[in-house]
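Work through the exercises below with the sequence and the structure open. Each task is followed by a solution in steps.

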Amino acid sequence: MKDNMTNNNSNKSSHHKPAKAGGFSSLKSTLKHIIKSQQPQTNLKNLLIANTKDGFDCPGCAWGDKQEGFLHFCENGAKAIAWESTSKKVDTKFFAEHTVSQLIKQSDYWLEYQGRLTQPVRYNQQTDKYEAVSWDDAFSLIAKHLNGLSSPDQAEFYTSGRASNEASFLYQLFGRLYGTNNFPDCSNMCHEASGVALKETIGIGKGTVILEDFDKADAIFVFGQNPGTNHPRMMNALRSAARNGCKIVTFNNLKEVALERFASPQDPIELLTPSATTISHAYYTPRLGGDMAAIRGMVKVILAKNTECLAKGLTEIIDSKFINQHSANFVDYVEVVDNTSWQTIEEQSGLSQEQLTNAAEVYLQANSVICTWAMGITQHKHSVATIQELVNLQLLKGHIGKPGAGLCPVRGHSNVQGNRTMGINEKPPAEFLAKQAQVVQHDMPKNFGHNVYHALSAFLNKQSKVLICLGGNIAQAAPDTEQTHQALKNTELNVQISTKLNRSHLLIGKDALILPCLGRTEIDRQASGEQKITVEDTFSMVHASKGKVEPLSKEMRSETNIVANIAKATLPEGHLDWQSMTDDYAKIRQLISNIVGGFDDFEAKLSQPGGFYLGNSAANKNWLTQSQKAQFTANKLPEHLMHVNIDELSQDNDKKHNKIFTLQSLRSHDQYNTTIYGMNDRYRGVENERKVLFINEKDAKKQGLADGDLVDITSIWHNNQTRSVTGFKVFYYDIPRDNLAAYYPETNPLVPLDSYGDRSFTPTSKSIPVILTKAIDNRII
């Protein structure tokens, strides 16, 4: 083992999971990335004002902030800030030295590590290089392409979750005045299932809890998420809850160290000693896609115990008063649960009746329960049904609309929820369109538009022609990499509004523009002075953000400025005074106040410490469903956990000799979405690697694979198209048998574009059927 650890050329891995998450290693990593930014003094100052009243909102995750305390950032937030606020530049000199054909061969990490984009550039097909273009010429080119389309629906307006409320509101307003509802956005690939499921069952597609509820909960059930990496500030809430006696029950396919033991970097004892807080009272590792069956098992235990209590003349344990007064369809749901066998529950969940009974006992003993989840739940074929089963569980005991209880989908990017509130929605509510049409005195398109799946399909079929991306990296965020890349290559104009270079800039059809925008940390000066923008966190809190750092270049513009100028160049005069709104963002907020519910007196509310709460109808027991009640949903457990039937495939003559596994894609600890900050995954014991495959040791040995061997991975789909990735290093890990895990975007090529969640169109990135083939190892030992 010692030799393996010191020999970098060894084909054996030396990884080991740390004993705790957080602590001194987190502080050390934070400082390393601050120094790596090449302007450490600036970024140390940035950290002190991150997520504070007079500072800027972290460009990372959407977790909420408590106002008390001194520091309001986490390790990955510090990485995001340092990554954005760097002195390194990507300007016309850089592009003069690199052709697009050369750049596309580089890794995603290398591309973004080159620094901040500082000048608008346009692609030149003759030289295969990006070259300088004036802002006016760039806006004119976009207008020419958009006004030359035979239909507004041939344009796709993509949005990243980083865009502010002001920018995203103008963006959707411009798109609709232009004539389309084509608003694919990053939420289509992550929490779309949450919005669909919650809208149908409780009448609003948002979580019902606020941050303070985590201090009041008696039990917290965590499903399908790894907050230690993806939402590190959430760990402070879980740590505080655990130390207050709250029982945290985790259902997650992998054993993640942060959900086992966490040391707060702000606690001197946990920072400097081996001490840490035990987070999970119980930790269950269900099969991939088996969470719905696990929840159904808990419900089956609860209903059986309730029947037993009634038979003995005891007080029933479910909340019948709440159910009768506030819900519908309970009887049908009970029938479905009764008809679900324990054999099916155990087979699908991979958990025993005893384990699920123990989990149900924790639920029953708690007066206030929070259920929280993330993409481990939302990226399956039956994700909508799974989330509706979570709602069913919470309705049984009336755990919606009371302190310390409720539903908490943990959103990803910092303003992905705010974007949807502002109207970034391919299926906009009729009342929103009507209100907007009334205020701006212009008809709005009524037909539903394109989500990410439909937008990429439209480009592949050459029905759509212009792509404008307000942030993000759709090339690497979307599934089926070969198809996605081809879709972008089919564009007649590819416009990327970005802070850093990424692969979406390099997939070019006939024409392309890169428009450099300001980041959250930078001062945004317009005609009326320095501007603030706003964001909405996962708890529906809206607060202001104002950068403090001088931009690297005077050529950089704010997202809001860029969107307004595209609109000004494209649309006929007389719609709106776009110039005045970009001169003073308060005028945008006034327009939002007049159109979007909950934003009345927008400007005045922003002066409140921590911003203001939008409210939540379901949290007030106001059910905006068709029945005007919360809905129990009588879904049967899925017949198959994936789009393809593994049992049938296993009998196929061509595949019966290959073991079929279920693979999930996930992030490393040095990563946020498609942005890769480094090559390590400290919490899983991975160093300087990204092409790794986490596998149960018994499964690996049965396949003749040693820890450190290389494998090729091939996914299985209905058609004959082969989707494979090669040269992945085997890592033994605490993961259920038959399940695998690997990083994305490296494994995005394995996810078929047509493999998406029922009714959500979210890619099934957590349930990919694959086979493994031992690769030829050409490494020098």
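Buried means under 20% relative accessible area, exposed over 50%, and partly exposed in between (1.4 Å probe, protein chains only). Helices (H or I, at least four residues) and strands (E, at least two) are DSSP runs, numbered from the N terminus. The model is predicted, so local features need pLDDT of at least 70 and side-chain atom pairs count only at pLDDT 80 or more, while totals for chains, interfaces and linings use all residues. Residues are numbered from 1 along each chain as its sequence is written, and side-chain values use heavy atoms, with hydrogens and water left out.

**Exercise 1. Helix α10**

Task: state which residues of α10 are buried, and what covers them.

Solution.
- Step 1. Count the buried positions: eight of the 11 residues of α10 are buried, and the helix is mostly covered.
- Step 2. Name them: E192, A193, S194, V196, A197, L198, T201 and I202.
- Step 3. Recall the helix geometry: an α-helix has 3.6 residues a turn, so residues three or four places apart point the same way.
- Step 4. Find the cover: β13 (369–373), α20, α21 (383–396), β14 (406–409), α22 and β23 (630–631) are among the elements over the buried residues of α10.
- Step 5. Look past the end of the helix: G203 follows α10 and has a positive phi, near 90 degrees.

**Exercise 2. A residue of α21**

Task: decide whether S383 is buried or exposed, and list what it is in contact with outside its sequence neighbours.

Solution.
- Step 1. Place the residue: S383 is in helix α21.
- Step 2. Read its accessibility: S383 counts as buried because its relative accessibility is 0%.
- Step 3. List the contacts (heavy atoms within 4.5 Å): with neighbours within four places in sequence left aside, S383 touches A193, I377 and T378.
- Step 4. Link this to Exercise 1: A193 is one of the buried residues of α10.

**Exercise 3. The largest pocket**

Task: give the volume of the largest pocket and describe its lining.

Solution.
- Step 1. Fix the terms. On a 1 Å grid over the protein atoms alone, a cavity is a set of points where a 1.4 Å probe fits but cannot get out; a pocket is an open set with protein on both sides within 12 Å along at least five of seven lines; lining residues have an atom within 4 Å of a point. Grid points are joined across faces, edges and corners, and a volume is the space filled by probe spheres set on the points.
- Step 2. Take the volume: the largest pocket has about 1,500 Å³.
- Step 3. Locate the centre: 43 residues line the pocket, and K199, G205, R420, N425 and P429 are the closest to its centre.
- Step 4. Assign elements: α10 (192–202), α22 (416–421) and α23 (430–440) each give two or more residues to this lining, and α10 has the largest share, five residues.
- Step 5. Sort by class (Ala, Val, Leu, Ile, Met, Phe, Trp, Tyr, Cys and Pro nonpolar; Asp, Glu, Lys and Arg charged; the others, Gly among them, polar): the lining has 13 nonpolar, 20 polar and 10 charged residues.

**Exercise 4. The cavities**

Task: state how many cavities of 30 Å³ or more the structure holds, and describe the largest.

Solution.
- Step 1. Count: there are eight cavities of 30 Å³ or more.
- Step 2. Take the largest: its space is about 690 Å³.
- Step 3. Describe its lining: 37 residues line the largest cavity, and H413, Y672, N673, T674 and T675 lie nearest its centre.
- Step 4. Sort this lining by class: 14 residues are nonpolar, 16 polar and seven charged.
- Step 5. Find the main contributor: helix α4 (residues 75–84) supplies the largest share, three residues.

**Exercise 5. The barrel and a cis bond**

Task: give the strand order of the barrel and locate the cis peptide bond between Y744 and P745.

Solution.
- Step 1. Trace the sheet (two strands pair if DSSP finds at least two bridges between them): six strands close into a barrel in the order β24-β30-β27-β29-β28-β31, with mixed pairing.
- Step 2. Examine one pair: β24 and β30 (residues 739–743) are parallel over five bridges, and L666 has Y743 in β30 as its bridge partner.
- Step 3. Read the bond: the peptide bond from Y744 to P745 is cis, with omega near 10 degrees.
- Step 4. Place it: P745 lies in the loop between β30 and β31 (768–774).
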